[in-house]
Amino acid sequence: MTQRFYLESSGKDSSLPRHVHLDEFPATIGRHPDCVIQLSLDRLSRMHARLDREGDRLMVSDLGSTNGTFVNHKRVSSATRLQVGDILHLADHEFRLMTDQAPTAAGGSRTGEETVIGMAALPRDFPLHMPAFFDLLENERVTGFGQPIVTAAGEPFALEMLGRSEHPGLDEGPGQLFALASALDAEVRLSRMLRRRCFALASEAGLTMPLFFNNHPVECEDMPSLMDELHELRKRYPSLQLVFEVHESAVTDLGAMAEVRDELARMGIELAYDDFGAGQARLLELVEVPPHYLKFDMGLIRDMSDRDSPRYRLLADLNRMIADMGVRTLVEGVEDEQTASLCREIGIDYMQGYLYGRPQPLSSYHHSENDSEP
């Protein structure tokens, strides 16, 4: 007997039908009246997805939806086969593919309107947070924080700008936001939203000290688009003193990185290499395309207790070499005075960490109190 497929929801979301029978193929799903399966659900596109059947094979394709189609939490980018028991998300609306005639363990079959048993419960972590994340994206419910960067003498020098959620349902920090963004392939969208908000708040606060800002590694895969965005932001905020941080792992193409540095220079934006020493220290790139600043990864100062520490000797050698290139150095993660004292002995130019301040809203900073000449 031919299998009859249907989509089953967990029943915990009253906006979802408990069962959606799949009797006509191809089956388009969305909010549009012409869809075979019309679902009037928030965050569902008018023409969201399509199900195709070839014998007992069922395939799902996304139709260019805004918020994505997912199979077992992986976003669909091409026609993807569905099997009984697979979890299907249309945006954050969750279903499981079922059949009223599924094979039994003994190789027989089930008949009637039965639900396959013996499967794990529908996972809920994904959809519980996704509605809040979509709301955050659609309504730009984010803000900007800044963490102090000080000179070796402890004088205020700069701020690192950091994006944060303002959504009450997403309060576990940027790690949570980017984990959700990764599931949606929305890292670039989120990163740009956070950056725009930080720039706007810094401008409103009248900040004139150097402002370090980050990018997501995925953005580095399309540097021309990232540079175009920075050009737009520079035109909008011409007075901000900006320092663009690039993770050392992204510095892989010397020619491309030299072009980025030159393009930034034309915009009046300085360049910093971030998290140097966290992975493979790319010394050739550092020599060939030197930045204005180099930020040592905080792992280099962990357990650096005295001058005999191997980490002390390593950091001292690296700092000496980099300083000889005319690059200013900065170390992150300074949490106690002993570590700060050792970093001063080494000759590091700037420091950042909880010893000097935790991230605070950018609106709480005032240029008259915190600005310092570079």
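In which helix is Leu264 placed? In this predicted model, Leu264 belongs to helix 5, which spans residues 254-267. The relative accessible area of Leu264 is 1%, so the residue is classed as buried, the cut-off being under 20%. Not counting residues up to four places away in sequence, Leu264 is in contact with Met227, Leu230, Phe244, Ile269 and Leu271. For one of these, Met227, the C-alpha to C-alpha distance to Leu264 is 8.0 Å, although the two residues are 37 positions apart in sequence.

A second buried position is found in helix 8, residues 337-346, which contains Thr339. Thr339 has a relative accessible area of 8% and therefore counts as buried. When residues up to four places away in sequence are not counted, Thr339 touches Ile301 and Met304. The separation between Thr339 and Met304 is 35 residues along the sequence and 6.8 Å in space, taken from C-alpha to C-alpha.

Glu221 provides a contrasting case with respect to accessibility. The residue lies in the loop that connects strand 14 (211-213) with helix 4 (223-236). Glu221 counts as exposed because its relative accessibility is 67%, and the class requires a value over 50%. Together with Asp222, Asp228 and Glu232, Glu221 forms a negative patch on the surface.

Methods
Residues are numbered from 1 along each chain as its sequence is written. This is a predicted model: local features need pLDDT of at least 70, side-chain atom pairs count only at pLDDT 80 or more; totals for chains, interfaces and linings use all residues. Side-chain values use heavy atoms; hydrogens and water are left out. Patches are made of residues with over 30% relative accessible area and no salt bridge: like charges are joined within 9 Å, nonpolar side chains (Val, Leu, Ile, Met, Phe, Trp, Tyr) within 5 Å. Accessible areas come from the Shrake-Rupley method with a 1.4 Å probe; for residues, only the protein chains shown count as cover. A salt bridge is a side-chain nitrogen of Lys or Arg within 4 Å of a carboxyl oxygen of Asp or Glu. Lys and Arg count as positive and Asp and Glu as negative; His and the chain ends are not counted. The place of a charge is taken as NZ of Lys, CZ of Arg, CG of Asp or CD of Glu. Helices (H or I, at least four residues) and strands (E, at least two) are DSSP runs, numbered from the N terminus. Buried means under 20% relative accessible area, exposed over 50%, partly exposed in between (1.4 Å probe, protein chains only). Contact means heavy atoms within 4.5 Å.
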